[in-house]
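Please open the model in a viewer and keep the selection panel at hand. The tour proceeds by selections, from the whole chain to single residues.

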Amino acid sequence: KKKMEDKAHKRSFAEEKSYFENVGPCKWRIKQGYMPHMRVPGTFYVNDALRHQVLEEVQMFSDGSGAGGFIPALQQIANVASLPGIVGSSLGMPDLHSGYGFAIGNVAAFDMSDPDAVVSPGGVGFDINCGVRLVRTNLDLKDVKDVKEQLAQTLFDHIPVGVGSQGVIPTTMRDLDDALEMGLDWSVREGYAWAEDKEHCEEYGRMLNADPSKVSMRAKKRGIPQLGTLGAGNHYAEIQVVDEIYDSYAASRMGIDREGQVCILIHSGSRGLGHQVATDALVKMERAMARDKIHVNDRQLACARINSPEGQEYLAGMAAAANYAWVNRQSMTFLVRQAFGKMFNSTPDDLDMHVVYDVSHNIAKIEEHIVNGRPKTLLVHRKGSTRAFPPHHPLIPVDYQFTGQPVLIGGTMGTASYVLTGTEQGMAETFGSTCHGAGRALSRSKSRKELGYLEVLRSLESKGISIRVASPKLVTEEAPESYKDVDQVVETCHAAGISKKCIKLRPIAVIKG
């Protein structure tokens, strides 16, 4: 019956396109009515180069050649616009692609004062507080060029990688509970962090509403052995060099002052623990939806009222998983500092290995924003999207008050990464949010079918990039060809004014799971 209904509702591609209108540079609106019960319009940001990829997804869906069970990202954005309590617009960043419930690259804010407003784990993602951290050094390309292979191997030896990888940071259940509650404060206490690392971390590396008792024993058992591990999939540690500086004042505030300067980018999240927190919450929320008679367009949008027991429990568990992810990235920072110290016969301090910034791109947070000219307290879901607060915002570090918050955009294996800064326009239009990376263009299975792994390795070698990878299969899944063009994604954000280009980095060595 459902298939027959879907066929009856299916529109031609031309009809689908009639719901999208261009409303500004790189900015498009999805009109209400595109999907049932939309409470607000949708908005998505794409330039000409990216637009055809987003529309191609819609066209394939209209033609019946859709992508493996996922509905197109633009329809997912419109479905999110139908959730109770949503304000402003359901937003899609330029690296947008379809995901579980919410599209990846979707931002949605819910009014905390609305008793019907919801929180949805699909709006955060399974890898809670997956995020990126940039560490600078005072080394130059000339210092590392001849030892690049040994350096890549040393990092690979120091950082546990791969699907089931186990950490080298000794952790008992009591340690884990402390880490879940304290976040980076635990790392500082245990000697894995410098006190100033916290200053350059979103939320100072600790969400205060975290409650370890709201994390199931199963999640904790998955988390204990994995602290300080990279994991698999799109996670990586890269040694990079500064390729271009667009804003020398902002870059200098970050301690980056020349092309060729060596940095390290770490991209990882909350591992099996965060995944389990999300899975546990989805089961409970399905029951809460039946009880509270919450109707959604797609059952993957399982949600609960923010102030319901299920909503509060998820937020406390999610915050604990977010703290775990910060501790995880910090533990890897500790290992990276050790590896560099050993390699260059120096100390991390003498190598100036300070954290530039650490941002999350899978999280829901309570923030103050202006909606229709009035201040409101909102629960902002960012899934595959990065917070990008403007200059003078009280929640960004003193060092960045005049530049705006650094926004770290991780490229894909072998492509550029970027540092952007937040803008006032982004604060007004996107709840202070921007893109998070390149965004997939091919599914993992399609990447494996279409790309040979030796070919991908040869291509990286020709660009002068050393690679260490735990699983060859991943090389094809994560090849640059599997993703959208990160340069176009960043150009779109810059042209739309939702964030501003500051630094471009290129990889010289990649460590992957």
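The stops below begin with the overall fold and then turn to individual sites.

**The whole chain**

Display the full protein as a cartoon, bearing in mind that this is a predicted model. The cartoon should show 18 helices and 19 strands. With a radius of gyration of 22 Å, close to the 24 Å that the globule rule gives for 513 residues, the protein is as compact as a globular protein of that length. Along the principal axes, its C-alpha atoms fill a box of roughly 65 × 45 × 45 Å.

Next, switch to a surface. The protein exposes about 19500 Å², and carbon and sulfur atoms supply 51% of that area. Of the 513 residues, 60% are buried. Contacts may be drawn as well: among those between residues at least 6 apart in sequence, 76% join residues at least 24 apart.

Colour the surface by charge. There are 59 positive and 61 negative side chains, and the centres of these two sets lie 5 Å apart.

**Cysteines**

Select the cysteine sulfur atoms. How many disulfides does the protein have? The count is zero, with a disulfide taken as a pair of cysteine sulfur atoms within 2.5 Å. Centre on Cys130: the nearest cysteine sulfur belongs to Cys201 and is 14 Å away, and Cys130 is in no disulfide. Cys130 has a relative accessibility of 5% and therefore counts as buried, the cut-off being under 20%. Move on to Cys303, which is also buried, at a relative accessible area of 0%.

**Helix α4**

Select residues 73-80, which form helix α4; eight of its eight residues are buried. Show the side chains of Ala73, Leu74, Gln75, Gln76, Ile77, Ala78, Asn79 and Val80, the buried residues of α4. In an α-helix there are 3.6 residues a turn, so residues three or four places apart point the same way.

**His37**

Go now to the loop between β2 (27-30) and β3 (42-45), where His37 is found. Is His37 buried or exposed? Its relative accessible area is 64%, so His37 is exposed, the threshold being over 50%. Beyond its neighbours within four places in sequence, His37 is in contact with Ala81, Ser82 and Asn297. Then add Arg174 to the selection: Arg174 and His37 are 137 residues apart in sequence, and their C-alpha atoms are 47 Å apart in space.

**Two residues with positive phi**

Most residues other than glycine have a negative phi. The next two stops concern backbone angles of the opposite sign.

Select Asn129, in the loop between β6 (118-119) and β7 (131-140). Asn129 is not a glycine, yet its phi is positive, at about 55 degrees. With a relative accessible area of 0%, Asn129 is buried.

Select Asp352 afterwards, in the loop between α13 (309-343) and β11 (355-360). Phi of Asp352 is near 55 degrees, again a positive value in a residue other than glycine. Asp352 is partly exposed, with a relative accessible area of 22%.

**Ala428**

The last stop is helix α14 (residues 424-430), which contains Ala428. Ala428 has a relative accessible area of 65% and is exposed. To finish, select Glu190 as well: Glu190 and Ala428 are 238 residues apart along the chain, and 40 Å separates their C-alpha atoms.

Note on methods:
Residues numbered from 1 in each chain as written. Predicted model: local features only at pLDDT ≥ 70, side-chain atom pairs only at ≥ 80, totals over all residues. Heavy atoms only, no water. Helix = DSSP H or I, 4+ residues; strand = E, 2+ residues; numbered from the N terminus. Rg over C-alpha atoms; globule rule 2.2 N^0.38 Å. Buried < 20%, exposed > 50% of the residue type's maximum accessible area, 1.4 Å probe, protein only. Contact = heavy atoms within 4.5 Å. Areas by Shrake-Rupley, 256 points an atom, 1.4 Å probe, with all protein chains shown as cover. Lys, Arg positive; Asp, Glu negative; His and termini not counted. Charge placed at Lys NZ, Arg CZ, Asp CG, Glu CD.
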